[in-house]
Amino acid sequence: MQKQVYFVSGIDTGIGKSIATGLYAKELADAGRRVTTQKIVQTGCQGVAEDIQTHRRLQGIGLTEHDRNGSTCPYVFAYPCSPHLAAEQEQRPISLEVIDKATHSLLQSYDTVLLEGAGGLMVPLNREQTLLDFAAKRGYPLVLVTSGRLGSINHTLLSLAAARHAGLPVRRLVYNRYPAADPVIGAETERYLRDYLQRHFPEAEWAVLAEAIVD
């Protein structure tokens, strides 16, 4: 079975990336894939990354050896801010080689790695490179998480345009219905984005996170 890394990003911070990542991992595992998740960098916590713990809870499994040895999140910073600033605050630069080595080590044990980013595609890892730069250079197909809140259509289309411009293939667009948006805006946003994806990214999957699933 071919090894694969998918890059999970969102149109903004707090959009539901960790929920989408954990549930997608469970979906793939239920389909017979040997899958794990990875967080490129976590800020605002200490110890095992909080998002990794969320993934495992949604997968219905405990922490793994790779979680405990840091392979699933090589960089954890205490200050809750952009990765580049958190790294500067602790004087601990983010090495992309370290992240790559961690991903490759996971692929020795798993068929699929879902690599969750931090915030949106244009979040800086350092003063020169963004998360989009990182994913595009490695050709990781994109899983993009969006929502029905006001402004999501604009932010989603900008993210998709940036991915296409960078040559990053789009694997899946995940529409997060939680928390519930204005019902009129939410319904139209979902309809518009689904139709847009079918027209402009026909090879990409459409997925929905419903309130009952997230809760």
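In the predicted model, strands E6 (residues 142-147) and E7 (residues 170-176) pair in the parallel sense, with six bridges between them. Two of the residue pairs can be named: Thr146 has Tyr175 of E7 as its bridge partner, and Leu144 is matched in E7 by Leu173. Helix H7 (residues 152-165) packs on the sheet and touches both E6 and E7. The direction of H7 makes about 170° with that of E6. Strand E7 is mostly covered, six of its seven residues being buried.

E6 and E7 belong to an open sheet of six strands, arranged in the order E2-E5-E1-E6-E7-E8. The pairing in this sheet is parallel. Its edges are formed by strand E2 (35-39) and strand E8 (205-209), each of which pairs on one side only. On average, neighbouring strands of the sheet are turned by 25° against each other, direction ignored. Helix H2 (residues 50-59) lies across E2 and strand E5 (112-120). Relative to E2, H2 runs at about 160°.

The edge strand E2 also contains Lys39, a residue listed by UniProt under "active site" in an unreviewed entry. With a relative accessible area of 4%, Lys39 counts as buried, because this value falls under the 20% limit. Leaving aside residues up to four places away in sequence, Lys39 touches Asp51, Ile52, Thr72, Cys73, Pro74, Leu115, Glu116, Gly117 and Ala118. Among these contacts, Asp51 and Ile52 lie within the range of helix H2 (residues 50-59), and Leu115, Glu116, Gly117 and Ala118 lie within that of strand E5 (112-120).

Lys39 appears again in the description of the largest pocket, which has a volume of about 330 Å³. This pocket is lined by 23 residues, and those closest to its centre are Thr13, Lys17, Lys39, Asp51 and Gly119. Two of these residues, Lys39 and Asp51, are also in contact with each other. Helix H1 (17-30), strand E3 (42-43), H2 and E5 are the elements that give two or more residues to the lining. The most is given by E5, with five residues. Strand E5 thus takes part in the sheet, where its place in the order is between E2 and E1, and in the lining of the largest pocket. Helix H2, which lies across E2 and E5, is likewise one of the elements contributing to that lining.

Methods:
Residues numbered from 1 in each chain as written. Predicted model: local features only at pLDDT ≥ 70, side-chain atom pairs only at ≥ 80, totals over all residues. Heavy atoms only, no water. Pairing = 2+ DSSP bridges. Helix = DSSP H or I, 4+ residues; strand = E, 2+ residues; numbered from the N terminus. Axes fitted to C-alpha atoms, helices over the stretch in contact; angles between N-to-C directions. Contact = heavy atoms within 4.5 Å. UniProt positions renumbered as here; feature names shortened; annotations may be inferred. Buried < 20%, exposed > 50% of the residue type's maximum accessible area, 1.4 Å probe, protein only. 1 Å grid on protein atoms, 1.4 Å probe; cavity = no way out; pocket = protein on both sides within 12 Å on 5 of 7 lines; lining within 4 Å. Points joined across faces, edges and corners; volume = space filled by probe spheres on them.
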